[in-house]
Amino acid sequence: MLIVMKKGSRREDLARVVRTVESLGFVPHVVEAAGKITVGISGNPGPLNPALFESHPGVARAIPITEPLKLAARNASPEGTSVRVGSRAIGDGGVFVIAGPCAVEGDHLVETARLLRAAGADALRGGAFKARTSPYSFQGMGRPGLELLVAAKRESGLPIVSEAVDEATLDLLAPVADMIQIGSRNMHNYELLKLAGRLKKPVLLKRGMAATLDELLLAAEYVLAAGNPDVVLCERGIRTFSQHSRFTLDLSIVPAVRELSHLPVVVDPSHATGRRERVPAMARAAVAAGADGVMIEVHPAPDQALSDAQQAVPLSQAAELIAQLREIAAIARPRTEAVR
Ligand code: PEP
Ligand code: MN
């Protein structure tokens, strides 16, 4: 059920709707976007009668939703959603650039963050905890890496995006990161998604490498249904029969997300291509396709990176690439005002 409040409805009207939903034992999800207020309901085992709510003052319509997607569906917030991370928002019409090394490796993170800020990035990425395919690959610095993330944020002013690989690391990252990444390998980890849903922190949800769009949206639905409205989707490439690329970047998911969901979508061309020479072209293509942002692995000395060295773009090339992305966004979305 999706309850649409009337324009100009009063706060008490909204509070009353919320109380009614709670008194039925269900969970209300209030979304305020572009001057419109809607209340999604989750936790109900079957369809609800719209009359339960349509008699409430301030309610314009109560729409029964029979589709599996409720809170992530486009009609839950038809104008689209933007998610604030640091001083900017993902989904505000501009392009939000998340850049940084695959993993937090040492002190040079702080200088990297400063230079990325100067290059025009909006957030710093870097995993203190890594979900690696091989148990013999670098698994991340762990807790000492958290201190470096804190120092990098303090020195650069950039908000931090970092991955939680399980419940314990989610607890450790929650006070440190400005946005919690749930990686491709964990997109189907529904217990972790529910825990991320209880956080008051934006979540960057990466598409599973063999997940369909419906599965990605339902994974997002887990986070939303647990009470966290701030979810950003991330396309990072899927497995296909192609051998020329680490994964196949499925850029057609960007307009498809727009049709089906109000959630912002960013694109990670680094894990998709696996090769630094190919990252700029696919980052530019992602912005041209309408992505709300990109996440790019950048390293001051790519060949020495402890993780994903082949796909790391040299830090010295970051400023030019970011400038290009902003120019493309300005052309690709001429009607938006605040394109950066
Ligand atoms: C990452 O962003 O460092 C990462 C491990 O990505 P993915 O989960 O998409 O493989
Ligand atoms: Mn990586």
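Trainee: At what angle do helix α7 and helix α8 pack?

Mentor: In this predicted model, local features need pLDDT of at least 70 and side-chain atom pairs pLDDT 80 or more, whereas totals for chains, interfaces and linings use all residues. Residues are numbered from 1 along each chain as written, chains are lettered from A and ligands numbered from 1 in the order written, and side-chain values use heavy atoms, without hydrogens or water. Helices are DSSP runs of H or I of at least four residues and strands runs of E of at least two, numbered from the N terminus. With axes fitted to C-alpha atoms over the stretch in contact, and angles running from 0 to 180 degrees between N-to-C directions, α7 (residues 213-225) and α8 (residues 253-260) have axes 11 Å apart and pack at about 55°.

Trainee: Which residues of α8 make the contact with α7?

Mentor: Contact means heavy atoms within 4.5 Å. From α7 come L213, L216 and L217, and from α8 come I253, A256, V257 and L260.

Trainee: Which donor atom does D308 offer to the manganese ion (ligand 2)?

Mentor: Donors are N, O and S atoms within 2.8 Å of the metal (3.2 Å for Na, K and Ca), and sites may look incomplete because water is not among the atoms. At 2.0 to 2.3 Å, the ion is coordinated by C102 (SG), H271 (NE2), E297 (OE) and, through its OD, D308.

Trainee: How many residues apart in sequence are the parts that C102 and D308 tie together?

Mentor: The donor residues of the manganese ion (ligand 2) follow the spacing C-x168-H-x25-E-x10-D. C102 lies in the loop between β7 (96-100) and α3 (108-119), and D308 in the loop between β14 (293-299) and β15 (313-314), so the parts tied together are apart in sequence by 206 residues.
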